[in-house]
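Grab your viewer and work through a few short exercises. Each one comes with a solution you can follow step by step.

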Amino acid sequence: VLRGADSAVLRVRNIRMVCPDCYERVPYPGYECPDPGCARRHRDVRPGRFGILRRRCRCGTRMSTLLLFGSSRMNAFCPYCGHSLEHRPGQAPEIVLPFFGAGGAGKTRLLFSMVVQLQQLNEDGRLRAEFGDSATTRELSMAGTILRSQQAPAKTAVQLPRAYIIRLTLASGTRILHMFDAAGELFYTTERTQELRYLGQARTFILVVDPLSVPAFWDRLPPERQAALGGLRSTAPSPDLAYQQAYQEIEAMGVQLRKVRLAVVFSRADLIDAPGTDIAEWASDVLGLGNLVRSARLNFREARFFFTAAVMTGEVMDESVPALMRWVLGQHGIDLGAS
């Protein structure tokens, strides 16, 4: 009865826990004994023969058996891979937000800009944003410094990514944001894309496209512009390849595409003449990505098209970034308000 009640509370609060390392959906975390002198790990502390309201460790320490009773205050770990879950799962709904696209499209820089925007909102007192674990702190603590200095983020390693975790606290409640930034090379073959099982846990996806990488657009630029922008241009295969590969694997993972959303983001808006009209029409007519536009609109519940410039003017992020974030996070219960 107690297990059922605890599960019902999680369902009512729309809490689905996901491991940031192995991507498994975690029905219930394992917990470490709260006694600092005891190293025992308990893979299942829920009510059973070792205790109903409290479970007793072999060392004699008692621990809570359910989230209802405060087990989330203990150190949690994934019962599948054993990695620590520092972000205290079970306390708030979790949002899985994957970035995908060809190599060099600007995924990492866009992610950094979104993190910096959340930090600015935190400083303004509009929400509380904090890194969810030590790995995220280590990787993202310099995001603002990199953007302000106009440095290029380090190339994303071609390996399975770990989620960057940010805890967001607003007047309406708390959300735990998992952001996955995989190298573009992982979206070129079926075998590598199938390894990205977190795609099956997401309800909103962000596809990043570098307009400079599209031959139809690049070939129209004057030679002097090509010379100036050549070092910034992604030389990866067509964005169509990354999109089609990811889209097919997301569907193969059992995700009902008519229930999820897709943001198609064209990066480097600060370097090109971004149109003030319909972005999707521009992508079809100028970039020649009509098939991508039609597929996105046909297969996903909602597809929205954006231009973004992941740059800062002083301490202020370009407005294109918060505009994207308002759409991406708004339907997950995170109201960032007007700019």
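The exercises below cover salt bridges, backbone angles, a small sheet and a surface patch, all in a predicted model.

**Exercise 1.** Find the salt-bridge partner of arginine 197, and work out which parts of the chain the pair ties together.

*Solution.* Start with the count: the structure holds 11 salt bridges. In one of them, arginine 197 pairs with glutamate 24, and their closest N and O atoms are 3.2 Å apart. Now place both ends. Arginine 197 sits in the loop between helix 5 and strand 13, while glutamate 24 is in the loop between strand 1 (17–18) and strand 2 (25–26), so the pair links parts that are 173 residues apart in sequence. Last, check exposure: arginine 197 is partly exposed at 37% relative accessible area, and glutamate 24 is partly exposed too, at 30%.

**Exercise 2.** Give the N to O distance for the salt bridge between arginine 304 and glutamate 302, then classify each residue as buried, partly exposed or exposed.

*Solution.* The distance comes out at 3.1 Å. For the classes, remember that partly exposed runs between the 20% and 50% cut-offs. Arginine 304 has 36% relative accessibility, so it counts as partly exposed. Glutamate 302 has 21%, so partly exposed is the label there as well. While you're at it, look up Asp21, Asp133 and Arg162: salt bridges with shared partners join them into one network.

**Exercise 3.** Arginine 88 and arginine 268 have phi near what value, and is each one buried or partly exposed?

*Solution.* Most residues other than glycine have a negative phi. Arginine 88 has phi near 60°, a positive value, and so does arginine 268. Next, locate them: arginine 88 is in the loop between strand 8 and strand 9 (94–100), and arginine 268 is in the loop between strand 14 (261–266) and helix 9 (279–285). Then apply the cut-off: buried means under 20%. Arginine 268, at 18%, is therefore buried, whereas arginine 88, at 35%, is partly exposed.

**Exercise 4.** Write down the strand order of the four-stranded open sheet and name its edge strands.

*Solution.* The order is 4-3-7-8, with antiparallel pairing. Strand 4 (41–42) and strand 8 (84–85) are the edges, since each pairs on one side only. Zooming in, two bridges join strand 7 (residues 76–77) to strand 8, and phenylalanine 77 has serine 84 as its bridge partner.

**Exercise 5.** List the residues of the positive surface patch that includes Arg203, and place Arg203 in the fold.

*Solution.* The patch is made of Arg11, Arg16, Arg25, Arg203 and Lys259. Arginine 203 lies in the loop between helix 5 (190–194) and strand 13 (204–209), and is partly exposed at 38%.

Methods: Residues numbered from 1 in each chain as written. Predicted model: local features only at pLDDT ≥ 70, side-chain atom pairs only at ≥ 80, totals over all residues. Heavy atoms only, no water. Patch = residues over 30% accessible without salt bridge, like charges linked within 9 Å, V, L, I, M, F, W, Y side chains within 5 Å. Areas by Shrake-Rupley, 256 points an atom, 1.4 Å probe, with all protein chains shown as cover. Salt bridge = Lys/Arg side-chain N within 4 Å of Asp/Glu carboxyl O. Lys, Arg positive; Asp, Glu negative; His and termini not counted. Charge placed at Lys NZ, Arg CZ, Asp CG, Glu CD. Buried < 20%, exposed > 50% of the residue type's maximum accessible area, 1.4 Å probe, protein only. Pairing = 2+ DSSP bridges.
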